[in-house]
Amino acid sequence: MGAWRRPDLAAWKRLCTLWTSALAICATMSRRDLAARVRDSLGIALASVGLLALAACARLGSDVRAVPTTVRVTLSEFKVESSVTAFRAGVPYRLTVINQGQVNHEFIIVKPLGDDASREVNAEAAMVQIGELDLPPGAQQTVMVTFPGAAPSGSLEFACQPPRHHEFGMHLAVTVT
Ligand SMILES: [Cu+2]
């Protein structure tokens, strides 16, 4: 039986140092490898994150823009009233048109054609029309409107066009900027 030799402490220290160094090198290599991978993928990752963020913002933005502004339009004998008369182009509006009168009314958005314009001409020129059959007394209709471009003062109106209604005052000038 060989005598148990006490391990050489200096040798053990060298071994430990070597082992620690090896570990350190491995760790460094790993870190370098990792760093390289991170560096390589970071650009793609950042770009992806950036694109996602942009997409999210765009979606959020469009969602915000898509929320329509509610406008209350009331018709009666013989006037047209609206909670909003100054509109913005490209912005969606939800118009709630209410007949508060005693007779049928219509609702059109049209460039002013005067009291004598025929209903056919008005109807053809109108960008929005809710016919009188859909607006008996007490009725309420909703229509979505997005004005495509600017309409300076005097170029657009909310109107009602059964005989004499426009002449009696059923028109309201609106603007779009
Ligand atoms: Cu009317």
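**A mixed four-stranded sheet and its core**

A two-residue hairpin connects S1 to S2. Strands here are DSSP runs of E at least two residues long, and helices would be H or I runs of at least four residues, all numbered from the N terminus. The model is a predicted one, in which local features need pLDDT of at least 70 and side-chain atom pairs count only at pLDDT 80 or more, while totals for chains, interfaces and linings use all residues. Residue numbers start from 1 along each chain as its sequence is written.

The S1 and S2 strands run antiparallel and are held by four bridges, with Leu-75 sitting opposite Val-80 in S2. Pairing is taken to mean that DSSP finds at least two bridges between the two strands. The loop between S1 and S2 is also where Phe-78 is found, and there is something odd about its backbone: the peptide bond from Glu-77 to Phe-78 is cis, with omega near -10°. Most peptide bonds are trans.

Stepping back, the hairpin is part of an open sheet of four strands, ordered S2-S1-S4-S7, with mixed pairing. Strand S2 (79-82) and strand S7 (140-146) are the edge strands; each has a single partner strand, so one side of each has no neighbour in the sheet. From one strand to the next the twist averages 20°, where axes are lines fitted to C-alpha atoms (for helices, over the stretch in contact) and angles run from 0 to 180 degrees between N-to-C directions.

How do the remaining pairs in the sheet line up? S1 pairs with S4 in the parallel sense through seven bridges, and Val-73 has Val-97 in S4 as its bridge partner. Strand S4 (residues 92-99) is in turn joined to S7 by seven bridges, this time antiparallel. Along that pairing, Tyr-93 has Val-145 of S7 as its bridge partner, and Arg-94 stands opposite Met-144. In a regular strand the side chains alternate between the two faces of the sheet.

Then there is the packing. The largest nonpolar core contains 20 residues, and those with the most contacts inside it are Val-80, Val-97, Phe-107, Phe-158 and Ala-159. Such a core is a set of buried Ala, Val, Leu, Ile, Met, Phe, Trp, Tyr and Cys residues joined through C-beta atoms within 7 Å. A residue counts as buried with 20 or more other C-beta atoms within 10 Å of its own, as exposed with 12 or fewer, and as partly exposed in between, the C-beta atoms being placed from the backbone. At least two core residues come from each of strand S1 (69-76), S4, strand S5 (107-110) and strand S8 (157-159), and S5 gives the largest share, four residues. Ala-159 touches Val-80, Ile-108, Val-110, His-166, Met-170 and His-171, leaving aside residues up to four places away in sequence; contact means C-beta atoms, placed from the backbone, within 7 Å.

Two loop residues round things off. Ala-150, in the loop between S7 and S8, is partly exposed because 13 other C-beta atoms lie within 10 Å. Its C-alpha atom is separated by 4.8 Å from that of Val-176, 26 residues apart along the chain. With residues up to four places away in sequence not counted, Ala-150 touches Ala-89, Val-176 and Thr-177. Arg-164, placed in the loop between S8 and strand S9 (171-173), has a positive phi of about 75° although it is not a glycine. This arginine, Arg-164, is exposed, with 11 other C-beta atoms within 10 Å.

Methods
Two residues are in contact if their C-beta atoms, placed from the backbone, lie within 7 Å.
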